[in-house]
Amino acid sequence: MTSSSPAPDRFQVNLHGLIELLSEHLYSGPQVFVRELLQNGIDALHMRPDAPTGADPRPGIVLDAPGDRLTCYDSGCGLSPDDVETFLITVGRSAKRDDLGLARTDLIGQFGIGVLSCFLVSGEINVLSRSSEGEIVAWRATGDGTYRTRAWPDIATWADENPTDPEAHEWLDQGPGTIVRLAPRPDTRGWFAPDRIARLAREYAGHADADIRLRVSDREIPIGRTPWPWTLPARERIAWARENFGTTPLATFPVTVAAAGLHGLAVVAGDRITPGISPRHRVHIKGMRVLDGEADLLPPWGFFVSLVVNGDLLHPTAAREQLRDDELLAETRDELGRQVMAWLLRTARGDRDLFNRFLTLHHTGLKALAVACDTDDFLALVQLLPFSSTVGERPLPDLLTEHDDVLVADSVDEFRQMAAVATAQGTPLVNAGYAYDGTVIERYRREAPAGQRLIPVEPERFAATIDSLEPARRAEVAPLSAAAQRVLDEAGVRVEIRRFAPESVPALLLDSSHDRHRRLSRATETSGDLWAGLLQAVDDRADARPRLILNDANPMVRRLVGVDDLRVLRPAVQAVYARALLQGQHPVSAGDARMIEHAFGGLLELALTGTERS
Ligand SMILES: Nc1ncnc2c1ncn2[C@@H]1O[C@H](COP(=O)(O)OP(=O)(O)OP(=O)(O)O)[C@@H](O)[C@H]1O
């Protein structure tokens with residue numbers, strides 16, 4: 001026999017545990033109670049069926065903050081006794097969802113938990129409300145999870161029973177609305193200080209489209225309806241950015257994203273920003289501040305732009321302190337990225353001076369953008385991006401229009417080593433050693449036909465373009481080559497003699513990253529590392545020492561060919577090496593420093609000996 005199952009049991013919610021969850025894990029701090037009170041007031045104003053009404057003389061919301069308590073009056077739709085049961089008491093249920101359970105786009109609240117945040121600062125929440133039908137309901141809830149509700153058919157009946165609450169009577173006598181009263185616990189008094197409430201109210205609701213006032217010692221200070229920064233004239237926008245983002249912007253421009261109901265202002269930083277540091281944004285949803293800090297509103301390359309936006313359709317997280325990482329946010333991010341890009345191209349074409357100032361500060365950001373954008377934008381951007389080269393700071397397309405081939409060094413070190421010779425030979429050499437440069441050049445080689453003429457070159461291959469000597473001359477210089485090699489063995493370089501322009505350069509010291517890597521792997525190998533064994537297996541055992549190439553076109557080197565006195569040769573070769581070392585801006589080891597000292601000591605010695613003889 002099967003027994004029929006009993007009626008299903010209901011979950012029990014421990015309010016105390018829930019409040020702890022909100023305060024410690026959801027909200028960043030108790031301050032959110034001010035936001036939630038204001039938010040409920042603003043929503044109630046929107047939900048008032050007869051609004052807007054000129055007949056109601058009351059402001060939308062009044063926050064009365066005498067210091068030892070906080071009362072929030074609103075002239076919104078009010079709550080009926082049924083509403084209290086259905087929405088206020090049922091945690092997680094909100095009147096602000098439509099029949100399908102979707103958040104209503106004209107209202108801010110949606111989760112049905114906000115009111116609980118009042119328990120973060122207050123031992124109890126007292127609500128007194130008059131519905132549009134005229135009933136009065138009082139609801140008093142305490143943090144231990146208990147509450148009492150009482151109802152009266154009209155304001156007169158309520159007033160008869162409550163003659164000692166003239167402020168509430170005065171407010172509710174004029175129409176529907178709600179009064180929420182909070183009082184601090186001993187540990188939360190600080191949150192009720194009038195200036196603190198004023199600051200929080202301004203931060204959260206300064207731009208809200210509602211007549212909000214803060215009452216402090218009989219004065220009423222307006223809080224809402226501060227104009228949005230993008231509606232201000234240009235000069236005031238700059239002052240706004242200075243005050244709010246702490247930067248004097250290089251430029252500001254408005255942005256809009258229809259899908260997110262978003263309007264905003266982009267502020268281009270007037271200071272150099274370290275790439276990778278997230279810019280500060282200020283985000284509002286339906287007029288209420290959601291966050292002031294990091295948000296994924298721009299692609300990573302957009303680190304030079306801060307945004308202040310209001311998006312009516314953006315989705316907040318339940319804590320209402322961040323944006324939900326969803327498709328709408330991704331779409332918004334893409335669109336805002338496109339608008340920053342369009343501003344850049346407009347500026348580059350229309351305001352060269354501003355664009356140059358932008359480049360001085362943010363060229364790395366621009367290169368990061370060039371790496372990430374689509375091909376059309378990339379080809380447009382690359383016309384604007386200067387690269388450091390032996391013929392100055394120039395965009396790649398310009399270099400390729402003026403020269404058949406353009407060489408590319410992929411590290412700053414290698415650029416320095418090869419720059420002098422490339423200059424003398426009349427082929428521009430581009431330095432691709434800074435952040436993103438190599439990737440942009442690689443992309444240009446792939447996506448622009450002219451990019452094929454960008455030729456990557458590293459010192460080793462570059463040396464192959466330097467002329468070798470004819471056999472007869474090679475025999476003549478062999479003694480110098482051997483002697484120089486002996487002198488420089490201790491420096492760990494291998495010596496060659498070739499001929500190259502310019503003749504003013506006596507020697508080049510070339511050290512490719514490939515060779516450095518091979519040296520490193522051998523060093524590790526001797527320490528018995530397992531990887532080193534593998535690396536060694538693929539190592540061709542070629543000579544990985546840096547190469548000192550003496551220039552047989554240089555008059556001084558040519559004179560050395562005839563010298564066999566080691567007292568002259570040694571310091572002379574050491575000095576040539578030292579010059580190449582410094583010219584290529586190679587790191588100077590302790591051994592190198594000793595050798596430089598010997599070189600100059602030896603040369604001085606020779607010079608003095610010559611003087612003494614004469
Ligand atoms: N001032 C008010 N006037 C009228 N109704 C109110 C007021 N404050 C709260 N309510 C009612 O109480 C319900 C619960 O409020 P609560 O602040 O907890 O959640 P919410 O505003 O719906 O959503 P959220 O958690 O996103 O803020 C609201 O949906 C609304 O019906």
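**A sheet, its helices and a ligand shell**

Good morning. The cover over the buried residues of helix H5 includes strand E2, strand E3, strand E4 (136–142), helix H4 (155–161) and strand E6. I should say at once that the model before you is a predicted one.

Let me stay with H5, which spans residues 166–173. Which of its residues are buried? They are Ala-168, Trp-171 and Leu-172. Viewed down the axis of H5, these buried residues fall within an arc of 85 degrees, so they line one face of the helix. Pro-166 and Glu-170, on the other side of H5, are exposed. Just after H5 comes Gly-175, with a positive phi of about 155 degrees.

Several of the strands I named belong to a sheet, to which I now turn. The sheet is open and has eight strands, in the order E5-E4-E3-E6-E2-E1-E7-E8, with mixed pairing. At its edges are strand E5 (147–152) and strand E8 (219–222), each of which pairs on one side only. From one strand to the next, the twist averages 15 degrees. As a reminder, strands of a sheet pair through backbone hydrogen bonds, either parallel or antiparallel. For one pair in this sheet, E3 (residues 122–130) and E6 (residues 177–184), the sense is antiparallel, over seven bridges. There, Arg-130 stands opposite Gly-177 in E6.

Two helices deserve mention alongside the sheet. Helix H2, residues 32–46, lies across strand E1 (61–64), strand E2 (70–74), E6 and strand E7 (212–216), and it runs at about 15 degrees to E2. Helix H6, residues 194–205, packs on the sheet and touches E1, E2, E7 and E8; the direction of H6 makes about 175 degrees with that of E7.

H2 also leads us to the ligand. How many residues surround the ligand? There are 24, and the closest are Ala-44, Ser-94, Ala-95, Gly-109 and Gly-114. The elements giving two or more residues to this shell are H2 and helix H3 (81–88). H2 gives the most, with five residues. By class, the shell holds nine nonpolar, 11 polar and four charged residues.

Finally, helix H13, residues 437–447, has Asp-437, Val-440, Ile-441 and Tyr-444 as its buried residues. Seen down the axis of H13, they fall within an arc of 100 degrees, so they line one face of the helix. The face of H13 turned away from that side carries the exposed residues Arg-446 and Glu-447. The buried residues of H13 pack against several elements, among them helix H9 (352–372), helix H10 (375–382) and strand E18 (454–456).

Thank you.

Technical notes. Residues numbered from 1 in each chain as written. Predicted model: local features only at pLDDT ≥ 70, side-chain atom pairs only at ≥ 80, totals over all residues. Pairing = 2+ DSSP bridges. Helix = DSSP H or I, 4+ residues; strand = E, 2+ residues; numbered from the N terminus. Axes fitted to C-alpha atoms, helices over the stretch in contact; angles between N-to-C directions. Contact = placed C-beta atoms within 7 Å. Buried ≥ 20, exposed ≤ 12 C-beta atoms within 10 Å, placed from the backbone. Arc of directions from axis to C-beta. Near = placed C-beta within 6 Å. Nonpolar A, V, L, I, M, F, W, Y, C, P; charged D, E, K, R; others polar.
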